[in-house]
Amino acid sequence: MAYKNIVLFGFMGTGKTCIGKEVARKLDMTFVDMDDLVVGRAGKTIPQIFSEDGENHFRALERQVVVDLSRQSGLVIATGGGVIKNAENVSDLGCDGLEICLTAKPDIILGRVEDDTSRPLLNTDDRLVTIKALLHAREHLYNSIPNQIDTSEMTVDEAVEKIVTM
Ligand code: S3P
């Protein structure tokens, strides 16, 4: 693997964590989940950060994690779905790294996140409408990553195979 890090971008429920863990195992790299690092540093859950400190504070914590991870190598990084909103995050993580954007169709995303209450942005009355609106707002950002993998109809193994042979 000629890359410093492998960076997985993509909306919530596109498979960044499941697929990233397996990619890291196969390539003997270290898996890191950015949300876990943010939670560890804040000492509170993501819903708590959003409700007590606000989304902007969450984004600032996320930014600090990006800066720290960008200085390391040998990592498979599952980013949070909103990391893409800050262009500096994308350029920092992409430096000498393999950047991949995972995608999935809205109804598939809904099925994957349905019973999950850990994603404050999706705690709305109509999750499908929210998913579609957020995807629409971020579409151009996700599309700017040259490597795209649609995981809608893929098994984890199939997606992993694609990535490890890139
Ligand atoms: C977010 C995605 C989440 C988490 C937070 C905000 C987003 O990460 O960072 O709830 O803005 O899309 P996952 O994509 O890992 O669920």
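A salt bridge here is a side-chain nitrogen of Lys or Arg within 4 Å of a carboxyl oxygen of Asp or Glu. The model is predicted: local features need pLDDT of at least 70, side-chain atom pairs count only at pLDDT 80 or more, and totals for chains, interfaces and linings use all residues. Residues are numbered from 1 along each chain as its sequence is written, and side-chain values use heavy atoms, with hydrogens and water left out.

**Stop 1: helix H4.** Select Glu-62 and Arg-59. Their closest N and O atoms are 2.9 Å apart, in a salt bridge. Both residues sit in helix H4, three residues apart (helices are DSSP runs of H or I, at least four residues; strands are runs of E, at least two; both are numbered from the N terminus). Both are buried (buried is under 20% relative accessible area, exposed over 50%, partly exposed in between; 1.4 Å probe, protein chains only).

**Stop 2: H4 to H2.** Now pick Asp-68 and Arg-41. Their side chains form a salt bridge at 2.7 Å, N to O. Asp-68 is in helix H4 and Arg-41 in helix H2, 27 residues apart. The whole structure holds 13 salt bridges.

**Stop 3: Thr-151.** Go to the loop between strand E5 (147-150) and helix H8 (156-164). Thr-151 is buried, at 2% relative accessibility. Its contacts (heavy atoms within 4.5 Å) include Thr-14, Leu-102 and Arg-112.

**Stop 4: cysteines.** How many disulfides are there? Zero, counting cysteine sulfur pairs within 2.5 Å. Select Cys-18: its sulfur is 16 Å from the closest cysteine sulfur, in Cys-101, too far for a bond. Cys-18 is exposed, at 52%.

Conventions. Lists of a residue's contacts leave out its neighbours within four places in sequence.
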